[in-house]
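Student: I have a fold open on my screen and would love to talk it through with you.
Tutor: Happy to. Let us look at it together and take it one question at a time.

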Amino acid sequence: CRSGVGLVRLMASGLPRVLLGEQGDEVSCDAAVFSEIETDALSLLRAAALDVELSLSLCDAAFITQQNKRWRGVDQPTDVLSFPVEDDVMIGDVLICVDVAQRQAQDRGHTLRDELRVLLVHGVLHLCGYDHETDEADAAEMAAAETKLMRRLHWKGNGLIVSAGAVDGDGDVDGDDGDGYGGDGDGGDGDGGGGDSGEAVARAVSEEEAGAR
């Protein structure tokens with residue numbers, strides 16, 4: 001796999017647009033994985049009606065452990081971190097750990113690409129202002145948005161929150177979910193996110209519901 005820090009590629013002209021990067025020295029995937037997640041990230045932005053620029057990086061366990069400790073005070077690897085920014089074009093950064101994604105894909109009985117899609121949807125929704133850690137209603141709302149986007153894109157699964165067992169497939173919050181999501185969450189300082197982007201996603205998933213009736 002390509003190694004090193006700061007490999008960045010501009011995927012497309014115009015919006016939506018994806019800036020793809022690699023962080024850490026031991027990212028355990030090949031070039032095909034990078035190509036697939038580029039394609040999937042653009043598809044997600046379009047499905048969510050987000051005409052924005054997204055910074056997306058794949059990383060190894062050591063790198064995401066550093067970021068998780070720095071921003072969340074948790075000294076262990078996690079699957080996905082989101083860093084919203086306040087900008088008219090750039091929505092923020094999503095950091096996905098390939099090592100954790102590979103393990104979770106095996107545990108959940110699907111492919112690495114399937115798991116990366118689940119994590120991508122989760123991370124982008126955090127950038128839009130969704131937060132499953134505030135209360136049960138917000139967790140159910142975010143889970144529903146994940147499921148709707150996954151279905152709109154015809155991607156396998158219901159979303160990370162449902163997969164982790166915190167909310168069931170009907171959007172009802174379960175009780176004690178043990179380890180939860182494996183430490184995922186908003187890695188930023190809480191600024192940014194929400195606003196027009198969150199409203200755009202809400203409109204996109206609402207239009208999907210209306211069309212399904």
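**Strands, core and salt bridges**

Tutor: Leaving aside neighbours within four places in sequence, Leu-56 is in contact with Val-18, Leu-19, Leu-20, Gly-21, Ile-37, Ala-41, Val-94, Ile-96 and Leu-120. Keep in mind that this is a predicted model.

Student: Which residue stands opposite Leu-56 in strand 5?

Tutor: Start with the pairing: strand 3 (residues 53–59) runs parallel to strand 5, with seven bridges between the two. Leu-56 falls within the residues of strand 3. Its opposite number in strand 5 is Val-94.

Student: How many of the eight residues of strand 5 are buried?

Tutor: Strand 5 covers residues 90–97. It has a parallel partner in strand 3 and an antiparallel one in strand 4. The rest of the structure largely encloses strand 5, because the number of its eight residues that are buried is seven.

Student: In strand 5, what is the bridge partner of Val-80?

Tutor: Strand 4 spans residues 80–84 and pairs with strand 5 in the antiparallel sense over five bridges. The two strands form a hairpin, with five residues between them. Across that pairing, Val-80 has as its bridge partner Ile-96.

Student: Which residues of strand 4 point the other way from Val-80, Ser-82 and Pro-84?

Tutor: In a regular strand, side chains alternate between the two faces of the sheet. Strand 4 is mostly covered, with five of its five residues buried. Val-80, Ser-82 and Pro-84 point one way, and the residues pointing the other way are Leu-81 and Phe-83.

Student: Which helix gives the largest share of the largest nonpolar core?

Tutor: In soluble globular proteins, nonpolar side chains tend to be buried together. Here the largest nonpolar core has 45 residues, and Leu-54, Leu-56, Ile-96 and Leu-120 touch the most other members. At least two residues of this core come from each of strand 2 (17–23), helix 1, strand 3, strand 5, helix 3 (98–108), helix 4, helix 5 and helix 6 (160–163). The largest share, nine residues, comes from helix 4.

Student: How many residues does the second, separate core have?

Tutor: Cys-59, Ile-64, Phe-83 and Cys-97 are among its members. One of these, Phe-83, is a buried residue of strand 4. The size of this second, separate core is eight residues.

Student: Is Glu-53 buried or exposed?

Tutor: Glu-53 is found in strand 3. Leaving aside neighbours within four places in sequence, its contacts are Leu-15, Arg-17, Leu-19, Val-89, Met-90, Ile-91 and Gly-92. With Arg-17 there is also a side-chain polar contact of 2.7 Å. The relative accessibility of Glu-53 is 13%, under the 20% limit, so Glu-53 counts as buried.

Student: Which residues are joined with Asp-40 into one salt-bridge network?

Tutor: The side chains of Arg-113 and Asp-40 meet in a salt bridge at 2.9 Å, N to O. This pair links distant parts of the chain, with Arg-113 in helix 4 (residues 112–127) and Asp-40 in helix 1 (residues 31–47), 73 residues apart. Asp-40 also forms a salt bridge with Arg-117, at 3.1 Å from N to O. Through shared partners, the residues joined with Asp-40 into one network are Arg-113 and Arg-117.

Student: Why does Asp-40 count as buried, and what is the relative accessible area of Arg-117?

Tutor: The cut-off for buried is under 20% relative accessible area. Asp-40 is buried because its value is 4%. Arg-113, at 27%, counts as partly exposed. Arg-117 is buried too, and its relative accessible area is 16%.

Student: Which residue forms a salt bridge with Glu-133?

Tutor: The closest N and O atoms of this pair are 3.5 Å apart. Glu-133 counts as partly exposed at 45% relative accessibility. Its partner, also partly exposed, has 26%. Glu-133 lies in the loop between helix 4 and helix 5 (136–152) and the partner in helix 2 (residues 61–72), so parts 61 residues apart in sequence are tied together by Glu-133 and Arg-72.

Technical notes. Residues are numbered from 1 along each chain as its sequence is written. This is a predicted model: local features need pLDDT of at least 70, side-chain atom pairs count only at pLDDT 80 or more; totals for chains, interfaces and linings use all residues. Side-chain values use heavy atoms; hydrogens and water are left out. Buried means under 20% relative accessible area, exposed over 50%, partly exposed in between (1.4 Å probe, protein chains only). Helices (H or I, at least four residues) and strands (E, at least two) are DSSP runs, numbered from the N terminus. Two strands pair if DSSP finds at least two bridges between them. A salt bridge is a side-chain nitrogen of Lys or Arg within 4 Å of a carboxyl oxygen of Asp or Glu. A nonpolar core is a set of buried Ala, Val, Leu, Ile, Met, Phe, Trp, Tyr and Cys residues joined through side-chain atoms within 4.5 Å. Contact means heavy atoms within 4.5 Å. A polar contact is a pair of N or O atoms within 3.5 Å; within protein, one must be able to donate a hydrogen and the other to accept it, and residues adjacent in sequence count only if both atoms are side-chain atoms.
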